[in-house]
Amino acid sequence: MPIRSLSSALKLGAAILLFLAGVWAQASGLVDEFRFYWPDIRYLSVQHLWLTAISGGLAVVVAVPLGVLLSRPSVSRWAESLMQLLNVGTTIPTLAVLALSMSFLGIGTAPAIFGLFVATLLPIARNTYVGLRSVSPALMEAAAGIGMSPLQRLLRVELPNALYVIFAGIRTALAINIGTVPLAFLIGAGGLGELIFTGIDLYDTVMMLSGAIPTALLAVLVDVMIALITFLVVPRGVNPARQR
Amino acid sequence: MIRLDNLTKVFDTPDGAVVAADHISMEVPRGEICVLLGPSGCGKTTTLKMINRIVRSTSGKVFLDGEDTSGLDTEALRRNIGYVIQQIGLFPNMTIEENITVVPKLLGWDKQRYKTRARELMDMIAMDAEAFLKRYPSELSGGQQQRIGVARALAADPPVMLMDEPFGAIDPINRAVIQDEFLKMQAELQKTIMFVSHDIDEAIKMGDRIAIFREGKLVQYSEPDELLSAPKNTFVESFLGEDRALKRLNLVRVRDVISDEIGTVVGNDTLTTARERIDAHGYRDAILLVDDRRRPIGVISRDTTGSHQGYCRDHMRGLPAVVNLGDDLRKVASLMFAHDTTWLPCVDDNGTLCGQITQRDMTHHLGSRYRARRSAADSEKPVGS
């Protein structure tokens, strides 16, 4: 491979480093140690994803209609103050939310899902609301003047034009969600947190990394997935990623 | 036909009630363009938007083709009115085709019919259907977007159109082009149109009638030429501007002012004949030379007839310019200034001479109507009383 630019030199350098790291990992027996945790990683990853899927899915199902509702002109009087309330809600640390939900739902999966749901709800609702409110008034007037009913205006004009912002909210929210799931272990819901926290407690770096690295990979995977969905679902005319 | 009957809008503001439109009554005959004109905040836009209920009227009625619209469902009413706004308002999430077929779809047309209609509309606005239908609004220039905006409003062939400063955001060169295209379309489609503008020149160009608004009241409602020749009061006068007599130049055609009495010579006439005719008609400097089919080809100057002998065909000078019967006086005046002449020959579409137009005829035409209207206007009552 001839080296013609700085970036190709960097790529080559990175490939060499990765190769050396692999050689070192194999030589030091690290790979075998990780393989020891492989069944745990697989089982806990699935559990981890389930927690995200259920809490995130619920959050989308609740937050999008909530954002739509708040953006309606008839509730505009309270919408801003309610949004402020939700904003204050976002500032409560997720760990605190989990602790609170444990205190009245007990331990196990249910309080974990509830806590994650609350933490995920806010960014989605806020982006839905902001996205719909920022649809240009001229567009709304044109839609009304043409003879669209309020529902047709919402479905054909407002939502498609706000979709990019809404998906940005979902993306942020799920990134928060998947990064927060390890904390769910603390209230007995499992997930990759089991390896991380146990690893920390036992000073077992390999065990801890067996939880941390898959968590990071899952976060990246989900992010890429949402980005792909955004690319496909948001109409081309209002999709910055698809403009020619 | 659009008829407004005591249409009124009162806005409640923290500073008290503001009357944005005060008992507006007027009628736009079928197939005409009525321009609502006035300074900002005069109530012209409010009046327009009360027709399709973007603004709810406080009191008063709107009749479309004689039918009281207050009984109609808002969506049904709006689908029967074409609506074009200054900000264009194309839906960025839809292709051009989806944009212009929105209303037909709302009305439940079948697919074949609205697809065909989209192509018809693109032909009408002189845009290439194949090149544009699948594109998105953001890929078009402002002028192209507003053409599509007009096409969308025309899609379901509504009898009535409301246009709120439709060409206001387009650069002057494109605006003139779009205005011309629109007038050409209108000549065929014969829609009844209400058109808001704050540009007096646009109003004169587009309007069959002009309604001047001030502080929520309709001050004057007349045809453009009458408006310019007989403004009702000092407000209208000052709004139209000091050069309103010049603005009338746009409205008067050569055929309104032409005098068919014109002396000519042909190539075989002698210069002596030319001299006699020049004197007989009292021309100061030259006489027109025409060919055997009475098409102007040149002029014989008075000086030449004095200093030379022979036939006219050997002594003609080039023609400064000719004007067509359909040209407006603005073009004529411009040509006269450019060629430093006080008269121009007029021809019909075949190029045959019809007569001449002189500076004196023009000033006389503009001046006489102005004086006549003015004395008549003094005895008329103001609109709305």
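The following paragraphs describe the fold of chain B, the helices of chain A, and the contact between the two chains, as they appear in a predicted model.

Chain B contains 17 helices and 16 strands, and its C-alpha trace extends over about 85 × 55 × 35 Å along the principal axes. Of the 385 residues in chain B, 39% are buried. When the contacts of chain B with a separation of 6 or more are considered, 65% of them are accounted for by residues that lie 24 or more positions apart.

Two strands of chain B, E9 (residues 209–214) and E10 (residues 217–222), form a hairpin with two residues between the strands. The two strands run antiparallel and are joined by five bridges, and within this pairing B:Phe213 of the hairpin is placed opposite B:Leu218, a residue of E10(B). In the hairpin, B:Glu215 adopts a positive phi near 45 degrees. Strand E10(B) is mostly covered, since five of its six residues are buried.

A second region of chain B is an open sheet of three strands, arranged in the order E14-E15-E16 with mixed pairing. Strand E14 (323–324) and strand E16 (353–358) of chain B occupy the edges, and because each has a single partner strand, one side of each is left without a neighbour in the sheet. The pairing between E14(B) and strand E15 (residues 343–347) of chain B is parallel and rests on two bridges; in this pairing, B:Asn324 has B:Val347 of E15(B) as its bridge partner.

The loop between E15 and E16 of chain B includes B:Asp348. This residue, B:Asp348, has 13 C-beta neighbours inside 10 Å and therefore counts as partly exposed, given that a residue is classed as exposed at 12 or fewer such neighbours and as buried at 20 or more. Leaving aside residues up to four places away in sequence, B:Asp348 touches B:Leu325 and B:Cys354. The C-alpha atom of B:Asp348 is also separated by 9.5 Å from that of B:Arg255, although the two residues are 93 residues apart along the chain.

In chain A, helix H2 (residues 30–71) packs against helix H5 (residues 109–133) at an angle of about 35 degrees, the axes of the two helices being 7 Å apart. The crossing of H2(A) with H5(A) is right-handed, and the contact between these helices comprises, by class, 20 nonpolar, six polar and one charged residues. Helix H3 (residues 76–91) of chain A was examined for its length and its burial. At 1.5 Å a residue, the 16 residues of H3(A) should span 22 Å, and the end C-alpha atoms of the helix are 24 Å apart, which agrees. The number of buried residues among the 16 of H3(A) is zero, so this helix lies largely in the open.

The two chains meet through 17 residues of chain A, which are in contact with 19 residues of chain B. On the side of chain A that touches chain B, the elements that give two or more residues are helix H6 (137–146) and helix H7 (150–184) of chain A. The most is given by H6(A), which supplies seven residues to this side of chain A. By class, the side of chain A that touches chain B consists of 10 nonpolar, five polar and two charged residues.

Definitions and conventions
Residues numbered from 1 in each chain as written. Chains lettered and ligands numbered in written order. Predicted model: local features only at pLDDT ≥ 70, side-chain atom pairs only at ≥ 80, totals over all residues. Contact = placed C-beta atoms within 7 Å. Helix = DSSP H or I, 4+ residues; strand = E, 2+ residues; numbered from the N terminus. Nonpolar A, V, L, I, M, F, W, Y, C, P; charged D, E, K, R; others polar. Pairing = 2+ DSSP bridges. Axes fitted to C-alpha atoms, helices over the stretch in contact; angles between N-to-C directions. Left-handed = near helix turned anticlockwise from the far one by under 90°. Expected span 1.5 Å × (residues − 1).
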